[in-house]
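Me: I should like to understand the reasoning behind the terms used for a protein structure. May I put some questions about the one shown here?

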Amino acid sequence: MNPYIPEQAKILDVRRLTFDTNIYRINHKIKHDPGQFVQVSLLGIGECPISICSHSNKYIDLCIRDVGNVTKFIHKLKKGDSIFVRGVYGHGYPMEMLENKDVIVIGGGTGVAPLRSVIEYLENNTKMFGDIYIFLGFRSPDDILFKNDTKRWNKKFKLILTVDKAPRTYKGKVGYIMPLLEKEKFNIEHSVALTCGPPIMIKFVLQSLKKIGFSDDQIYVSYERLMHCGIGKCGHCAMSGHLVCQHGPVFNYSIAKDFED
Amino acid sequence: MQGYYLKKEDLNKFIQFLKRKFDVIGPVKRDLYRYEILNDELPVYNHTTYSAKKFFLPPVETLYIYEKNKINAKIKVKPRVMFIHRCDANALLIIDNLYLKDHKDPYYKKRRKNTILIDWPCIPDKNCFCKSMDLVDYFDLRFIDNGKRYFVEYHSKKGKSLINNLFKPTKDKGKYKQPKCKKKIHTSKGTCSIYVKGNTKKLWEKYADMCLSCSACTVVCPTCSCFDIKDIYDFDLKIGKRQRAWSSCQVWDYTRVAGGYIFRKDREKRVKQRILCKLSYMYDIFGRARCVGCGRCISSCPTDIDIVEIANKLECKR
């Protein structure tokens with residue numbers, strides 16, 4: 001078995017989410033935990049790690065923002081085109097360990113993508129968990145991802161969606177996640193917080209969580225790093241000797257607090 | 001274990017015997033002392049400028065070739081015998097921990113499997129500090145210089161298979177003497193892993209001022225195994241290949257993610273990353289430090305950044 005060779009898969013569906021983000025449904029059938037990722041590869045272009053943003057045995061959804069070399073070319077692909085995928089890699093959110101607890105999902109920007117997988121898991125197994133809170137932050141109303149899903153989530157769970165900046169006509173919440181998080185009353189002893197987002201947001205969210213009484217081991221963070229191989233060989237993703245691709249991307253904060261860039 | 005003697009003048013005959021079946025690799029003097037495939041020369045004792053890692057992880061290596069949507073991966077390696085110094089052999093053991101665990105790397109695995117290692121005596125240079133790094137015996141066959149003869153012992157079936165009628169059995173037991181090193185890392189317990197205590201920011205700032213980010217240290221290092229994966233394709237876009245090439249954590253864009261954010265943009269972070277990756281970070285994965293004390297990074301550094309000097313300034317725990 002050569003772990004570097006990707007498998008061919010078909011794009012089942014493409015949907016536009018925002019001006020620079022599409023969601024691709026791919027028939028790559030694989031069992032996975034929320035928070036794990038695959039290496040998406042285009043022959044002749046390159047490879048990039050993309051986290052799975054669905055939770056199903058039949059397909060995987062990939063939420064892809066047009067920011068880099070490979071993603072730019074992925075955006076040119078249409079329904080029915082083929083794409084190469086290898087994996088699934090890494091360790092996701094340990095959902096089975098979190099059963100019977102209140103779950104607080106905190107995501108920012110494209111970091112919401114892996115959390116959509118968590119939320120789909122929670123939707124399928126609502127009875128196993130306590131109260132579920134979802135905090136999502138985006139840069140502007142135009143950047144809001146998964147608008148169809150958020151309507152559904154709003155009915156099922158407590159959803160708080162906010163944008164950093166918005167025109168006056170925008171009716172939703174405007175501002176950062178942190179004050180909203182601190183205002184909400186949680187049953188802190190029975191809660192866990194799952195976060196993913198840009199580094200600067202994670203930094204302040206962690207500060208807020210600590211402030212309202214969360215201990216380190218109640219917090220799970222997902223990190224983004226450059227990866228070339230995805231299987232713990234290439235070394236680009238090492239953080240203080242912890243390989244994000246293999247030991248992460250999701251870490252318990254009691255371990256991750258000692259990490260340096 | 002049975003020991004053998006080999007007369008020094010028979011070494012050439014032994015190498016000729018090996019050449020019938022194998023590529024014979026060893027430390028030789030070319031432009032520099034380096035590991036190369038032996039022509040008509042004999043291997044030398046001198047410490048080499050470059051490590052032996054290029055024979056296991058080539059600087060550029062094709063992972064697979066593709067034509068339209070068909071992927072074709074071939075791994076061909078000729079059987080090899082390698083005269084190797086102790087530090088470089090230990091470096092392979094360290095890389096094994098990364099490359100032969102979990103998703104095994106088939107390219108490295110094949111090369112390791114097809115190579116017989118002969119431990120070859122060495123003369124340490126002024127920057128060696130292998131005595132501080134807890135090296136272990138790791139070889140298929142070992143040559144110990146006994147003045148007029150080599151004392152030879154084997155450690156594996158592969159090694160035993162090389163012993164032919166040039167070797168004379170003996171009841172003596174070879175005494176391996178670790179060469180004397182001038183440099184030393186002073187740790188409290190004599191072990192090689194270092195845990196950083198206190199605020200070391202000033203220390204890293206000092207060395208970051210010296211560092212040019214030229215990445216010579218990571219090129220010569222026998223345990224540096226990071227790589228980039230790149231796609232190279234023909235102009236007609238039909239045939240292409242996916243290659244991996246050595247990469248260095250000292251280069252500014254080593255941690256650049258899509259969108260342009262660079263996690264280790266400051267040079268002091270990169271200097272710290274290399275030194276601590278060698279001495280402490282990888283302890284959980286390797287069970288030891290990622291350094292074998294070959295001193296090549298010190299010799300190759302244009303501004304004389306000395307890992308031993310830094311290590312002795314850090315506080316250690318384990």
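Reply: The questions below concern a predicted model, and each answer sets a value against its criterion.

Me: What makes β3 of chain A "mostly covered"?

Reply: A residue counts as buried if 20 or more other C-beta atoms lie within 10 Å of its own. In β3(A), six of its six residues are buried, so the strand as a whole is described as mostly covered.

Me: How do you know which residues are covered on each face of β3(A)?

Reply: In a regular strand the side chains alternate between the two faces of the sheet. On one side of β3(A) stand A:Phe37, A:Gln39 and A:Ser41, and on the other A:Val38, A:Val40 and A:Leu42. The residues of both sets are all buried, and both faces are therefore covered.

Me: Why are β3(A) and β4(A) said to pair?

Reply: Pairing requires at least two bridges between two strands. β3(A) and β4(A) have six, in the antiparallel sense, and therefore they pair. As an example, A:Val40 has A:Cys48 of β4(A) as its bridge partner. The hairpin of these strands has three residues between them, and A:Gly44 takes a positive phi near 95° there.

Me: How do you know that β3(A) also pairs with β6(A)?

Reply: Four bridges join β3(A) to β6(A), which run antiparallel; the criterion of at least two is therefore met. Here A:Phe37 has A:Tyr89 of β6(A) as its bridge partner.

Me: Why are β10 and β15 of chain A placed at the edges of their sheet?

Reply: The open sheet of seven strands follows the order β10-β9-β8-β7-β11-β12-β15 (chain A), with mixed pairing. β10 (173–174) and β15 (250–252) each have a single partner strand, so one side of each is left without a neighbour in the sheet. For β15(A), three bridges join it to β12 (residues 219–222) in an antiparallel run, and A:Ser222 is the bridge partner of A:Val250.

Me: What makes residues of domain 1 and domain 2 of chain A part of a contact?

Reply: The assignment gives domain 1 (7–89) and domain 2 (95–256). Two residues are in contact if their C-beta atoms lie within 7 Å; the contact takes 19 residues from domain 1 of chain A and 21 residues from domain 2 of chain A. On the domain 1 side there are nine nonpolar, eight polar and two charged residues.

Me: Which residues make up the contact between chains A and B?

Reply: Chain A gives 30 residues and chain B gives 35. The largest share of chain A's side, three residues, comes from β4(A).

Terms used
Residues are numbered from 1 along each chain as its sequence is written. Chains are lettered from A and ligands numbered from 1 in the order in which they are written. This is a predicted model: local features need pLDDT of at least 70, side-chain atom pairs count only at pLDDT 80 or more; totals for chains, interfaces and linings use all residues. Domain bounds come from an automatic or database domain assignment. Ala, Val, Leu, Ile, Met, Phe, Trp, Tyr, Cys and Pro count as nonpolar, Asp, Glu, Lys and Arg as charged, and the others, Gly among them, as polar. A residue is buried if 20 or more other C-beta atoms lie within 10 Å of its own, exposed if 12 or fewer, and partly exposed in between; C-beta atoms are placed from the backbone.
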